[in-house]
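Here's a quick walk through a predicted model, meant to be read with the structure open beside you. Take a look at it before reading on.

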Amino acid sequence: MSAKLDRRHFVAAGSVALAMPFVSRSAPAQGTSQGTWPSRQIRMICSYPAGGQTDLLARAYGEFISKQVGKTVVVENKPGASGAIGTAEVARAEPDGHTVLCSISTTYIMNRVVMKNPGYDMDKDLTLVSVIPGAGLLLVANPKTGVKTLEDFVAFARKSGKVNFGTYSAGSAPHMTINELNKQYGLTIEPVHYRGEAPMWTGMLEGTLDAAMGSYTAAQSVLQSDRGTVFAVHSKKVDAIPNVKTLPEQGATSKFFTVSGFSGWAVPKATPQPVVDRLAELCVAANNDPKVKEVLATFVLEPAIGFRESNALYQRELPIWIESAQSLGLEPA
């Protein structure tokens, strides 16, 4: 199916594009309700490296936006500090709609909990424009455990006493999931933190982990080699594996298992609302673009949603993320 598309051509394109902005010269300029926006090229700062999910979303949506408004969209990768470096640069930019951030919920929400000074204040410095709700994250067990359901996993964890559970970073959704499962079921699951999903799934392939949690696409190396069994998904069903139940469907009660996380765009706080609205409209319209559809399908993501819907999602999930993050007891770095 589409979610299993070979990602190599995407990664290669992203790596080349790091040094080459997207430029649209063939599309005629199209008027907007603001008339003067955009009056020059748009910088879309991606706060994560080239070739990854966030970068590929930035480039696909940026290409569509460029065609619609007849101006160049330059995607610049400014990774580092869980997205804080690129985000701080956008927060300091002129609030005129010509500098846009593309990042993820870790940057928008988690950094305020795990960093003493990320270099920006989400509430004071940025306006969320449009988001792509997160996909269902998979909980995968090593086949040697015999785990096929959450009930099996809880029984295995109680019998074993210690479970090595992989995450792709401290303070991540998998880390919080472990914490919430420990609290509800009285377990002592040990988080094993990696520097990203790729090395985490390598750990699963090598048999050093009892379980791990991450995206459907990144987990394919494990699933297709029969080195892992999906026993639950976090909060959303995954179309490619419809028979696998969510954690709440299997009895997990934490509020954290109702949040989805997201990827999306933001602009400096004082950007005029008409410009914000127009940019949000373009993000939603891009959902029908063939290249955008292909990237969304590759990462099993939902389409971008509008300004009001995006901010409603953010406000609904924000306190749940913060409460769960604070319960981890992490000291801000």
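Let's begin with Ala81, which is partly exposed, at a relative accessible area of 40%. That value puts Ala81 in the middle class because buried means under 20% and exposed means over 50%. You'll find Ala81 in the loop between strand 2 (73-77) and helix 3 (84-91). Its backbone is worth a look too: phi of Ala81 is near 55 degrees, a positive value in a residue other than glycine.

Why point that out? Most residues other than glycine have a negative phi, and most peptide bonds are trans. Val300 also has a positive phi, near 55 degrees. This one sits in the loop between helix 11 (290-298) and helix 12. As for peptide bonds, the one running from Trp37 to Pro38 is cis, with omega near -10 degrees. Pro38 belongs to the loop that links helix 1 (8-17) and strand 1 (42-46).

Now zoom out to the chain. There are 12 helices and 10 strands, and 55% of the 333 residues count as buried. If you take the contacts with a separation of 6 or more, 78% of them come from residues 24 or more positions apart. The accessible surface comes to about 14,300 Å², and carbon and sulfur atoms account for 52% of that surface.

For a view of the inside, try Ala211 in strand 8 (residues 211-214). Is Ala211 buried or exposed? Its relative accessible area is 0%, so Ala211 is buried. Leaving aside residues up to four places away in sequence, Ala211 touches Val140, Ala141, Phe153, Asn164, Phe165, Gly166 and Met204. As for Gly228, 17 residues from Ala211 in sequence, the C-alpha to C-alpha distance between the two is 8.1 Å.

Next, helix 12 (residues 307-326), which packs with helix 4 (residues 105-114) and also with helix 7 (residues 173-185). Here are the two pairs:

| Helix pair | Angle | Axes apart | Crossing |
|---|---|---|---|
| Helix 4 and helix 12 | about 45 degrees | 9 Å | right-handed |
| Helix 7 and helix 12 | about 70 degrees | 9 Å | left-handed |

How do those angles read in words? Angles of 65 to 115 degrees count as roughly perpendicular. At about 70 degrees, helix 7 is therefore roughly perpendicular to helix 12. Helix 4, at about 45 degrees to helix 12, is oblique to it.

Which residues of helix 4 and helix 12 meet? From helix 4 come Ser105, Tyr108, Ile109, Met110, Arg112 and Val113. Facing them in helix 12 are Tyr314, Leu318, Trp321, Ile322, Ala325 and Gln326. By class, that contact splits into 9 nonpolar, 2 polar and 1 charged.

Over at the other pair, Ala173, Met176, Asn179 and Glu180 in helix 7 meet Trp321, Ser324 and Ala325 in helix 12. This contact has 4 nonpolar, 2 polar and 1 charged residues. Trp321 and Ala325 are worth picking out on screen: both are among the helix 12 residues that meet helix 4, and both also meet helix 7.

Note on methods: Residues are numbered from 1 along each chain as its sequence is written. This is a predicted model: local features need pLDDT of at least 70, side-chain atom pairs count only at pLDDT 80 or more; totals for chains, interfaces and linings use all residues. Side-chain values use heavy atoms; hydrogens and water are left out. Helices (H or I, at least four residues) and strands (E, at least two) are DSSP runs, numbered from the N terminus. Buried means under 20% relative accessible area, exposed over 50%, partly exposed in between (1.4 Å probe, protein chains only). Contact means heavy atoms within 4.5 Å. Accessible areas come from the Shrake-Rupley method with a 1.4 Å probe; for residues, only the protein chains shown count as cover. Axes are lines fitted to C-alpha atoms, for helices over the stretch in contact, and angles run from 0 to 180 degrees between N-to-C directions. Angles under 35 degrees count as roughly parallel, over 145 as roughly antiparallel, 65 to 115 as roughly perpendicular and the rest as oblique. A crossing is left-handed if the near helix is turned anticlockwise from the far one by less than a right angle, and right-handed if clockwise. Ala, Val, Leu, Ile, Met, Phe, Trp, Tyr, Cys and Pro count as nonpolar, Asp, Glu, Lys and Arg as charged, and the others, Gly among them, as polar.
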